[in-house]
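Good morning, colleagues. Please look at the structure on the screen while I go through its sheet, its helices and its nonpolar cores.

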Amino acid sequence: MRRRTPQRRTAKPQPIGPVQSFNVDGLTHEAKGVARLQGKVTFIEGALPGETVEAQVTKAGRRFDEAVLVNIIDPSAYRVDPSCQHFNVCGGCSFQHLADEQQLSAKANWLQGQLRNVITTQELELLSDKSTSYRRRARIAVNLKKSRIALGFRGKASSDIVSIDQCVVLTSNLQNTFLSLKQALSENDLASELGHVELLEDTKGVSVLFRLTSSISAELESTWEKWAEKAQVTLYWQAPKSSKAEVAPEKMRYYDLGDLRLKYHPQDFIQVNAAMNQKMVTQAMDWLSPNKHDVILDLFCGVGNFSLPLAQHAQTVIGVEVQETMVEAARENARLNGFDNLSFVAADLTKPVKNELFKQNITKVLLDPPRAGAFEFLDSIIKIGPMQILYVSCNASTLARDAEYLVAKGYHVLRVGLMDMFPQTSHVETMMLLQKKK
């Protein structure tokens, strides 16, 4: 998954109708139960299919209503107790009340519905790993009111910060760092100068990044450097009004991917689920089957997460990424890992492609775009004419749109897979392999 669109902050909805009984027969992508009362659809936060519940409407619309759960009369056989004490108020997770297997089933059903116009006989292949303690990166919100610190995540349908004591999806090392950080912030004045905090774990270890809203004293900075040394974490500072933290070359981060090592800036994009990232890359190599005759174009390549593994097997790989700093990091990764068949280009893929790419005999394309998809670049891909396209998507809706266009232009879908990159949430990642028709 690439750059994530932040959720809009809204006030918590208030009930506007009486408590009513509903029979729930479906589940939305956002993990809301779907019920019908007198023919009108009602979406109920927290309800599951097969349940009889009592709920209260909070928003009435012409086509559907939205409601909050009041009481579960007859629970689903698949309802489980959430593993996190903050689940009912925190906006981070949406599926902890549903058993893991049924979470995957619900995601698969939704994904098949999204892709119904491009997949017919293909069965969804599934890629998954552990359902908790998987997240190696998190942005923590900070709020200080009347000398009380709230450290955590935005609430469900609310702009309020839910101050948490645990987060079951964070890696155990990040969970320990979070607890140490929370205690330390309560003991000095840094919290009032923070916009947010970023926690990160990779092969190099654990790091904490402070996003400052105003300058701090050298004494306060020294206090926190001592905390970081004691907590065995690397500390980064993002200065006020700066778009990114300044990081010396020797303090750059890195993570291992098989026998490869990828360096990156601590605020560059990387997949937050390390185990699933390894499985995803392995599957991509299996599906695309790069060989010594292939010239492969890797679009939205980042720091080379797919490019470097592709270069281990292909004749040539060309990575394209819009962010100059990530292109520089990718080039450094190619050099450090000893590849001379791998090059990187900085280009905005929402605009027409440079003619140089058309001069290459591209045989295969891999693309991993942000949530908006790659529609603006599809005509360029069609012009290049690769035999195969591997599309990795963090937004099934834009994947469906783009895949329909590619199918209309002469490609057909060979394989589709659901990748459960974010268990306990409703988020779905997808991999699709398309073949050019003869």
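**The sheet and its cores**

Let me begin with one pair of residues: Ile-140 stands opposite Val-197 in β10. The model, I should say, is a predicted one. Strand β7, residues 137–145, is joined by 5 bridges to strand β10, residues 194–202, and the two run antiparallel.

These strands belong to an open sheet of 6 strands with mixed pairing, in the order β9-β8-β7-β10-β11-β12. Why is one side of β9 and of β12 left without a neighbour in the sheet? Strands β9 (161–163) and β12 (234–238) stand at the edges and each has a single partner strand, so one side of each remains without a neighbour there. On average, neighbouring strands of the sheet are turned by 35 degrees against each other, direction ignored.

Now to the helices. Helix α2, residues 172–185, lies across β7, β8, β9, β10 and β11, and runs at about 150 degrees to β10. Helix α3, residues 218–231, also packs on the sheet, where it touches β11 and β12; its direction makes about 150 degrees with that of β12.

I turn to the interior. The largest nonpolar core has 80 residues, and those touching the most other members are Leu-181, Leu-190, Val-197, Phe-210, Trp-224, Trp-227 and Phe-306. Helix α4, residues 274–288, supplies the largest share of this core, 7 residues. Phe-210 has contacts that include Leu-181, Val-197, Trp-224 and Trp-237. Another core, of 34 residues, lies apart from the largest one; among its residues are Val-118, Leu-349, Leu-367 and Leu-434.

Thank you for your attention.

Conventions:
Residues are numbered from 1 along each chain as its sequence is written. This is a predicted model: local features need pLDDT of at least 70, side-chain atom pairs count only at pLDDT 80 or more; totals for chains, interfaces and linings use all residues. Side-chain values use heavy atoms; hydrogens and water are left out. Two strands pair if DSSP finds at least two bridges between them. Helices (H or I, at least four residues) and strands (E, at least two) are DSSP runs, numbered from the N terminus. Axes are lines fitted to C-alpha atoms, for helices over the stretch in contact, and angles run from 0 to 180 degrees between N-to-C directions. Contact means heavy atoms within 4.5 Å. A nonpolar core is a set of buried Ala, Val, Leu, Ile, Met, Phe, Trp, Tyr and Cys residues joined through side-chain atoms within 4.5 Å. Buried means under 20% relative accessible area, exposed over 50%, partly exposed in between (1.4 Å probe, protein chains only). Lists of a residue's contacts leave out its neighbours within four places in sequence.
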